Amino acid sequence: MSQYKLIIFDFDGTLAITHKAIVFCFTKTFESYNITPPSADTIIGTIGINLPNSFKILHPAIEESAIPEWVETYRSYYRTEGEKQVELFAGTKQVLQLARQSGLSLGVFSNKHVNFVNVLLNNLRIHSFFDLILGDNGQIIPKPNPAVFHSIIKPLFPELDNSQILMVGDTAIDLLFAKNAGIDVCWAAYGYGDRAQCIALEPTFEIGALSELAVFVQN
């Protein structure tokens with residue numbers, strides 16, 4: 001029987017393959033301001049970080065006052081072109097189905113804007129599996145800060161001990177969020193996280209494909 005009663009998933013690089021969309025939208029955004037875009041690998045290295053901070057990393061000379069406009073430009077490209085480039089990792093739907101059949105509650109917590117998370121979950125036909133969907137809404141504090149865990153997640157599941165909650169994510173940001181919240185974390189090593197950084201954070205488990213999570217969700 002699974003010890004976990006609630007599993008919280010990251011989105012990018014954990015449930016879905018999103019790097020093509022992200023690289024495309026960052027590239028188009030830079031080009032729209034006549035600035036040479038960073039390499040694809042450099043862009044992929046920022047996946048998991050919220051957009052304002054990603055732009056600060058990718059374009060250190062950017063003016064603070066310009067960031068909201070750049071963010072909206074990126075989101076405009078994502079709405080019109082990026083969403084079509086997102087697909088599920090193999091086995092995602094099957095693992096979610098198994099978890100629900102086993103009576104587990106499921107959630108998503110992404111640093112992506114919550115509107116995009118909802119749209120993409122609907123497009124990918126997995127929205128209905130989740131009891132809780134959290135993302136950037138301009139108010140919540142992003143991962144790795146554990147504030148969302150204490151202010152939203154725990155109050156919604158007051159009957160659960162921390163030992164019954166598992167975070168699944170692919171980057172150091174996800175692993176740090178779990179550690180800061182005091183819950184177990186499964187590192188999705190197939191995603192976009194830096195391997196050395198993630199191993200150094202000593203995740204509770206490591207999986208090389210989402211299908212390997214099945215052993216942790218079966219009752």
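**Strand β6, its surroundings and the aromatic pairs**

Strand β6 (165–169) and strand β7 (residues 184–188) run parallel and are joined by four bridges. The model is predicted: local features need pLDDT of at least 70, side-chain atom pairs count only at pLDDT 80 or more, and totals for chains, interfaces and linings use all residues. Residues are numbered from 1 along each chain as its sequence is written, and side-chain values use heavy atoms, with hydrogens and water left out. Strands (E, at least two residues) and helices (H or I, at least four) are DSSP runs, numbered from the N terminus. Two strands pair if DSSP finds at least two bridges between them.

Within the β6–β7 pairing, Gly-169 has Trp-187 of β7 as its bridge partner. Strand β6 also pairs with strand β1 (residues 6–9), in the parallel sense and over four bridges. Here Phe-9 is matched with Val-168 of β6. Five of the five residues of β6 are buried, so the strand is largely enclosed by the rest of the structure. Buried means under 20% relative accessible area, exposed over 50%, and partly exposed in between (1.4 Å probe, protein chains only). In a regular strand the side chains alternate between the two faces of the sheet. Both faces of β6 are covered: buried Ile-165, Met-167 and Gly-169 lie on one side, and buried Leu-166 and Val-168 on the other.

Leu-160 sits in the loop between α7 (147–156) and β6. Its relative accessibility is 7%, so Leu-160 counts as buried. Leaving aside neighbours within four places in sequence, Leu-160 is in contact (heavy atoms within 4.5 Å) with Lys-5, Leu-6, Lys-154 and Ile-165. The C-alpha atoms of Leu-160 and Asp-194 are separated by 31 Å, with the two residues 34 apart along the chain.

Aromatic rings were examined next. Rings of Phe, Tyr and Trp (its six-membered ring) pair if their centres lie within 6.5 Å; planes under 30 degrees apart count as stacked, over 60 as edge-to-face and the rest as tilted. This rule gives 14 aromatic pairs. Phe-55 and Trp-70 have ring centres 5.5 Å apart and planes at 80°, so their pair is edge-to-face. This pair links distant parts of the chain, 15 residues apart: Phe-55 belongs to helix α3 (residues 51–58) and Trp-70 to helix α4 (residues 67–82). Phe-55 is buried at 0% relative accessibility. Trp-70 is buried at 5%. The rings of Phe-205 and Phe-216 form a tilted pair, with centres 4.3 Å apart and planes at 35°. Phe-205 lies in strand β8 (residues 205–207) and Phe-216 in helix α10 (residues 214–217), eleven residues apart. Phe-205 is partly exposed, at 22% relative accessible area.

One aromatic cluster comprises Phe-26, Phe-30, Tyr-33, Phe-55, Trp-70, Tyr-74, Tyr-78 and Phe-116. Phe-26 and Phe-30 are among the buried residues of α1, as are Ala-21, Ile-22, Val-23, Cys-25, Thr-27 and Thr-29. The buried residues of α1 pack against α2 (40–44), α3 and α4. Helix α1 (residues 19–32) has 14 residues and an expected span of 20 Å, which agrees with the 20 Å between its end C-alpha atoms. The expected span is 1.5 Å times one less than the number of residues. Just after α1, Asn-34 takes a positive phi of about 60°.

Thr-92 is found in helix α5 (residues 92–101). Thr-92 counts as buried, at 0% relative accessibility. Not counting residues up to four places away in sequence, Thr-92 touches Leu-15, Ile-126 and Leu-210.
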